[in-house]
Amino acid sequence: MTSEMGERPGVLPPVPVRDLRAHEGQYGAPGLRGQALTGEVERSGLTGRGGAAYPTGKKLAAVRERAGLRGAVVIANGMESEPASAKDALLLARAPHLVLDGIALAAEATSARAAYLCVRRQAQADALAAAIAERSGYDPVPVQLALVPARYVSSAESSLVSYLNGGPARPGFTPPRPFERGVRGRPTLVSNVETLANLALVSRRGARWFRSAGTASAPGTALVTVSGAVGQPGVYEIAFGTPVQDVLALAGGAGTAGVQAVLAGGYFGSWLPGRALATPAAPDTLRAAGTSFGAGIFLVLPAAGCGLAETARVVRYLAGQGAGQCGPCLNGLPAIADALEQVAFGPGGSGRGAHGRALRWLRDLFGLVEGRGACHLPDGVARLAASALRVFADDVRSHERGPCLAARGRPVFAVPSGSARAAGPAGVSMAGALEASA
């Protein structure tokens, strides 16, 4: 392990490093392994980059403690089912072997006997299959590639476990959690591909190097996807703690359009008002501001946009993405979508009474669905809708007279219609466009 590398922390190489020989030349061999690596990861403060921000070292240790004679299982989650995110696709396209190194190191650290890399795009699977083939005999635990059906809830930990166990890719009720009993009943580590790439770097460069970026409470860097009303939508790498306004500046800023609000955390996030753009971009600071970092997604709403209309479109999409196995998804989410559409697009004038009833029903629905689903989809939808009512409170009142001009206009956010695949500002898949340009 080399702790003084003379370079800034970062997981995304500036140019693609796709073949194994180039990867070894760029990064060298892994350093720390096994329990020594787990200890270094704990000291580094690395947390999950898939949205939950759970300490990675604790996850590794918890799975290893339960591995026993049967061994554990490692799942690398590259599903990226959040339509507004493109970071995992870009990382897998540019540095596949860094992720595969992370899988191998995680398998060794947890005493795993099986490892899987889960993705949802055939083109990704084909490219990664070639990278895995290059490593034949290189890794003690060969990586098995799994092409999982694309759906918003397919990327949940329990969905991946269910699918690899031969069932549908839909969430299960917990407990037990995967680290307790997962694939084939074995303790299972489910980790985002960006997290695993960072694990591979900590193995080589150590905790001190990793902590040289970010903040004391949120060390390291993170890949973020910025889209909406910005000049250059795409994936950027930032140090945790970078003010949100500076994150937007990396993507060209909003220009003369101005920023009314930012949907932080993506479709599963909450609204951050434009007056709060000085907030540091990190899980703890955004949480304190009433929103979330999530998987590093920032959707920018211009000053002339309608936050209620944008939220209603996102909620309608999410209402169609449930697993269909419990009441909050089957009944609650469509009802929330209906009520929010009434608030955003419903008639004014003689329809004012309907507006008020829809608003009251909407707030009642939040309490009826929160904490009652097999997964967290109902909680996320309720949180998103509630944040829209709070941040756009003036619009809620003005929409009583009828929808604003922006609500009737072209959407700012490209929300999928009947598809789990995201479209970019010009109707092109953002992830696909980034892969093509990588």
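Ser81 is buried in this predicted model, with a relative accessible area of 3%. The residue belongs to the loop that links β1 (72-77) and α4 (87-94). Beyond this site, the briefing covers Leu250, which is partly exposed, and two separate nonpolar cores of 48 and 47 residues.

**Ser81**
- A polar atom of the Ser81 side chain lies 3.1 Å from the backbone oxygen of Arg151.
- Ser81 counts as buried because its relative accessible area, 3%, falls under the 20% cut-off.

**Leu250**
- Helix α9, which spans residues 244-250, contains Leu250.
- The relative accessibility of Leu250 is 41%, so the residue lies between the limits of 20% for buried and 50% for exposed.
- When neighbours within four places in sequence are set aside, Leu250 is in contact with Gln232, Tyr236 and Ile238.
- Between Leu250 and Leu91 the C-alpha to C-alpha separation is 18 Å, and the two are 159 residues apart in sequence.

**Nonpolar cores**
- The largest nonpolar core comprises 48 residues, and those with the most contacts inside it include Tyr267, Trp271, Leu308 and Leu377.
- Two or more residues of this core come from each of several elements, among them the strands β7 (259-264) and β9 (297-302) and the helices α11 (307-319) and α14 (377-391).
- Helix α12 supplies nine residues, the largest share of this core.
- Leaving aside neighbours within four places in sequence, Leu377 is in contact with several residues, including Tyr152, Val153, Phe268, Leu318 and Leu333.
- A second, separate core has 47 residues, among them Leu117, Val141, Leu189 and Val193.
- In soluble globular proteins, nonpolar side chains tend to be buried together.

Terms used. Residues are numbered from 1 along each chain as its sequence is written. This is a predicted model: local features need pLDDT of at least 70, side-chain atom pairs count only at pLDDT 80 or more; totals for chains, interfaces and linings use all residues. Side-chain values use heavy atoms; hydrogens and water are left out. Helices (H or I, at least four residues) and strands (E, at least two) are DSSP runs, numbered from the N terminus. Buried means under 20% relative accessible area, exposed over 50%, partly exposed in between (1.4 Å probe, protein chains only). A polar contact is a pair of N or O atoms within 3.5 Å; within protein, one must be able to donate a hydrogen and the other to accept it, and residues adjacent in sequence count only if both atoms are side-chain atoms. Contact means heavy atoms within 4.5 Å. A nonpolar core is a set of buried Ala, Val, Leu, Ile, Met, Phe, Trp, Tyr and Cys residues joined through side-chain atoms within 4.5 Å.
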